[in-house]
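Hi there,

Here is the structure I promised to pass on. Please have a look, and my notes follow below.

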Amino acid sequence: MMETATAKAPLLVRVQEIEGRGRALIATQSLKAGQILLQETPLLQYSQSNPIIQNTNPNTNPNNSNTKTPVTFCAHCFRSLPSSSSPSSYPSCPSCIQPPLFCTFDCYSKAQATSHTQWLCKSLSILDSHSVDPETQTQARFLLASYNLAIVSPASFQLLLLLQGDGIVDSQAHMLHSFMASVMAFWPVQGQLPGFSPELTASLLAKDKQNAFGLMAPVQQHGEREVRAYAIYAQASFFNHDCLPNACRFEYVDKPGDHNTDIIIRALHDITEGSEICLSYFPVNWPYSERQKRLLEDYGFPCKCDRCRIEETWSDKDSMDEEDVVSENEMEEEETEMQEADENRENTNDTNDDFPHAYFFVKYLCPVDNCGGTMAPLPPASGNLSTIMECNMCGYLRTDDEFT
């Protein structure tokens, strides 16, 4: 499924250049807690190196919680395929060395015209016949999906090229470019796409690293989750990071119907018009050192958000202790401060020593052991705000009464 991205609520956010932060998404009006700020279809999506995840959920292994059973996904829409069904009961591609499975014949038909064209199918078979490490294979799958996009949807490919990410032509880029040239020699236009070069390969790899969202597999035992596939979204790629975000992403890959890989962004709390809308690029309960390391390695910048300015003088133990219980009065004071900090996010760079870490963790961090997800209110119904909060990772639901 590789369609031109369509935003379901395009008037709620707009792209704006912010000094020191680059392009960002700004609220065009006052937004309510739980409101869907953006729903968008991916520019492209592609599977990771291994489409089979080892499930250790004891609910599927009642006799032995340590037994691992494979969880397979449709190669087009990436829905989970029930382990109780035989692989032979699903449509598969007869031309592939490792035949991918599809949930329905309709999905297989759509894939043949978009995500699993005959030339891409042959290239994936060549790729599967080579012994390469998982990271390199996933990079190769992304490049093949990108070049295939240039053929089936040139407009979407041009949008992909406009995303953030300028790559360095290093040995890895040269190696992958040479490999792509060999496995794409039989593609339409003889494999010679406009601008096909090591520089384009390096640029695409950088765009993938900085903009791809992981489509996660179902939660396993001990809260473990693995990536089933990756997706890149044109507008959602403009969300900047904050370690205390005011919005979070939801995905419902296993839901029935179309658009199951859409990204959905919901507000955690009320957001004032003109405020920057930020996501956390990883679980909000990560300690300072892990957050900084991830941001530097994957996105090329150190975080200087309000939370990090405070925590840079702490130890990791101090950071983890932020989930400790706080008094009711402290929480009320900190809730007010958090809302004020959000209103002034785009206008101030001053450190707020009283920034409400504890309140944020108590209200917005999922209480399920080993989850690390973020809780956001369900979308308002008929103009009424919801009193139910949902975890964006495990799906746990909690009412305001349980919180208070």
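**What I found**

In the protein chain, 67% of the contacts (heavy atoms within 4.5 Å) with a separation of 6 or more are between residues 24 or more positions apart. Before you go further: this is a predicted model, where local features need pLDDT of at least 70, side-chain atom pairs count only at pLDDT 80 or more, and totals for chains, interfaces and linings use all residues. Residues are numbered from 1 along each chain as its sequence is written, and side-chain values use heavy atoms, with hydrogens and water left out.

The protein chain has 12 helices and 16 strands (DSSP runs numbered from the N terminus: H or I of at least four residues for helices, E of at least two for strands). Of its 404 residues, 50% are buried (under 20% relative accessible area, 1.4 Å probe, protein chains only).

The largest nonpolar core (buried Ala, Val, Leu, Ile, Met, Phe, Trp, Tyr and Cys residues joined through side-chain atoms within 4.5 Å) has 31 residues. Helix H3 (134-152) is among the elements that supply at least two of them each, and H3 gives the largest share, eight residues. Leu160 is one of the residues with the most contacts inside this core. Beyond four places away in sequence, Leu160 touches residues including Leu43, Leu204 and Ile232. A second, separate core of 24 residues includes Leu31 and Phe78.

Strand S3 (residues 36-40) is largely enclosed by the rest of the structure, because four of its five residues are buried. Four bridges join S3 to the antiparallel strand S12 (residues 263-267), where Arg266 is the bridge partner of Ile36.

Best wishes

Note on methods. Two strands pair if DSSP finds at least two bridges between them.
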